[in-house]
Amino acid sequence: CERRKVGERVTSETTKSLCGECRFCKEGRSNICIRRTGMSSSGDGCFAKYVTILESSTHVLPERISFEAGALTEPLACATHAVTEQAEVKEGEFVVVVGPGSLGLLVARCAVVLGARVVVAGTKADAERLDLARKFGAERTADAKAEDLPQIVSRMTDGYGADVVFECSGAPAAVPSAMACVRKRGRYIQAGIFHTDVTLDFDDVFFVRELSLIGSHTSNRASWLEALRLLGGGQVDVQPLISAELPLSEWQEAFNLLRTRQAIKVVLKP
């Protein structure tokens with residue numbers, strides 16, 4: 001290491017290796033480097049006894065950021081990438097976030113910080129998370145199964161629809177409703193991961209409404225710098241997302257809390 005010193009408080013990106021030479025690396029879009037590999041998905045992750053991390057992937061934590069908050073820099077960086085880089089959300093725009101998991105909640109908060117009006121949609125099982133969305137500044141929340149989300153958005157936007165919709169649930173069943181919320185010439189951002197095929201009405205999406213469909217894949221260095229700026233400046237508080245802190249030996253309990261939706265994020269402490 002040339003820049004990092006023993007004892008420094010740091011957090012790390014999930015990148016394991018980059019080529020540094022492709023057009024995407026040179027443009028600062030290392031998240032889509034043609035030879036990129038990620039920690040855990042392409043080798044040892046942080047459950048290994050030892051793990052090697054690129055020095056360039058590390059970031060010093062500002063004084064006011066705790067280790068616990070620092071552990072959530074990664075999902076916040078994914079949110080800043082989606083909101084500021086991919087969607088380019090602007091002050092005064094109307095934003096819908098579908099899926100109030102940790103990513104959706106952070107996307108909502110980042111949009112609020114930029115001055116957007118935000119609606120967050122979930123289900124009855126997401127009551128606690130939707131309450132947190134309101135505390136994060138969402139103007140309204142909705143139960144997408146019990147309420148007509150596109151109709152709610154239409155009423156709130158004088159019939160136009162949302163400027164930007166973020167699909168963060170990764171549930172294919174959520175797509176038709178989310179897509180129906182987007183105004184003509186609006187932006188639809190896919191931030192959740194489906195792991196399956198999804199059917200779209202191309203005539204409606206591209207020819208009738210001229211929508212922009214945009215993907216959002218992980219994060220890059222600029223995303224992390226913005227995430228740390230928001231954390232350090234107090235504009236985003238990730239502490240409410242931490243439902244429990246457990247020793248590493250209780251990892252199975254942590255996973256069970258997440259699977260049964262009793263937790264948003266669990267911090268494991270070695």
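Which residue just after α5 takes a positive phi? In this predicted model, that residue is Gly137, with a phi of about 110°. The chain around Gly137 and α5 contains 10 helices and 12 strands, and 44% of its 270 residues count as buried. Below is a friendly tour, from the overall fold down to single side chains.

**Overall shape and packing**

- For 270 residues, a compact globule would have a radius of gyration near 18 Å, and the chain agrees with this at 19 Å.
- Taken along the principal axes, the C-alpha atoms fill a box of roughly 55 × 40 × 35 Å.
- If you look at contacts between residues at least 6 apart in sequence, 63% of them join residues at least 24 apart.
- The accessible surface of the chain comes to about 14300 Å², and carbon and sulfur atoms account for 51% of that surface.

**Helix α5 and its surroundings**

- Helix α5 spans residues 127–135, and its buried residues are Arg129, Leu130, Leu132 and Ala133.
- Seen down the axis of α5, these buried residues fall within an arc of 155°, so they line one face of the helix.
- On the other side of α5 you will find Glu128 and Lys135, which are exposed.
- The cover over the buried residues of α5 includes helix α4 (102–113), along with strands β6 (117–122) and β7 (140–143).
- Gly137, the residue with the positive phi, comes just after α5.

**Salt bridges**

- As background, side chains of opposite charge can pair when their charged atoms come close.
- The structure holds 14 salt bridges, and a few of them are worth a visit here.
- Glu93 and Arg187 meet through their side chains in a salt bridge, at 2.8 Å from N to O.
- That pair links distant parts of the chain, 94 residues apart: Glu93 sits in the loop between α3 (73–86) and β5 (94–98), while Arg187 belongs to strand β9 (residues 182–190).
- Both partners are under the 20% cut-off for burial: Glu93 counts as buried because its relative accessibility is 11%, and Arg187 counts as buried because its relative accessibility is 12%.
- Arg185 forms a salt bridge with Glu210, and the closest N and O atoms of this pair are 2.6 Å apart.
- This second pair also links distant parts of the chain, with Arg185 in strand β9 and Glu210 in the loop between α8 (202–208) and β10 (212–215), 25 residues apart.
- Arg185 counts as exposed because its relative accessibility is 56%, whereas Glu210, at 42%, counts as partly exposed.
- Salt bridges that share partners join Arg23, Glu27 and Arg29 into one network.
- Within that network, the side chains of Glu27 and Arg23 meet at 3.9 Å, N to O.
- Glu27 has a relative accessibility of 45%, so it counts as partly exposed, while Arg23 is exposed with a relative accessible area of 58%.

**Backbone: positive phi without glycine**

- Asp158 is not a glycine, yet it has a positive phi of about 55°.
- The place to find Asp158 is the loop between α6 (149–156) and β8 (162–167).
- With a relative accessible area of 71%, Asp158 is exposed.
- Arg185, the partner of Glu210, has a positive phi of about 65° although it is not a glycine either.
- Unlike the loop residue Asp158, Arg185 lies in a strand, namely β9.

**A nonpolar patch on the surface**

- Phe47, Leu248, Trp251 and Phe255 form a nonpolar patch on the surface.
- Together, these four side chains' residues have about 390 Å² of accessible area.
- Phe47 comes from the loop between β3 (37–38) and β4 (58–60).
- Phe47 counts as exposed because its relative accessibility is 57%, and the cut-off for exposed is over 50%.

Notes
Residues are numbered from 1 along each chain as its sequence is written. This is a predicted model: local features need pLDDT of at least 70, side-chain atom pairs count only at pLDDT 80 or more; totals for chains, interfaces and linings use all residues. Side-chain values use heavy atoms; hydrogens and water are left out. Patches are made of residues with over 30% relative accessible area and no salt bridge: like charges are joined within 9 Å, nonpolar side chains (Val, Leu, Ile, Met, Phe, Trp, Tyr) within 5 Å. Accessible areas come from the Shrake-Rupley method with a 1.4 Å probe; for residues, only the protein chains shown count as cover. Helices (H or I, at least four residues) and strands (E, at least two) are DSSP runs, numbered from the N terminus. Buried means under 20% relative accessible area, exposed over 50%, partly exposed in between (1.4 Å probe, protein chains only). The radius of gyration is taken over C-alpha atoms; the globule rule is 2.2 Å times the number of residues to the power 0.38. Contact means heavy atoms within 4.5 Å. The arc is that of the directions from the helix axis to the C-beta atoms.
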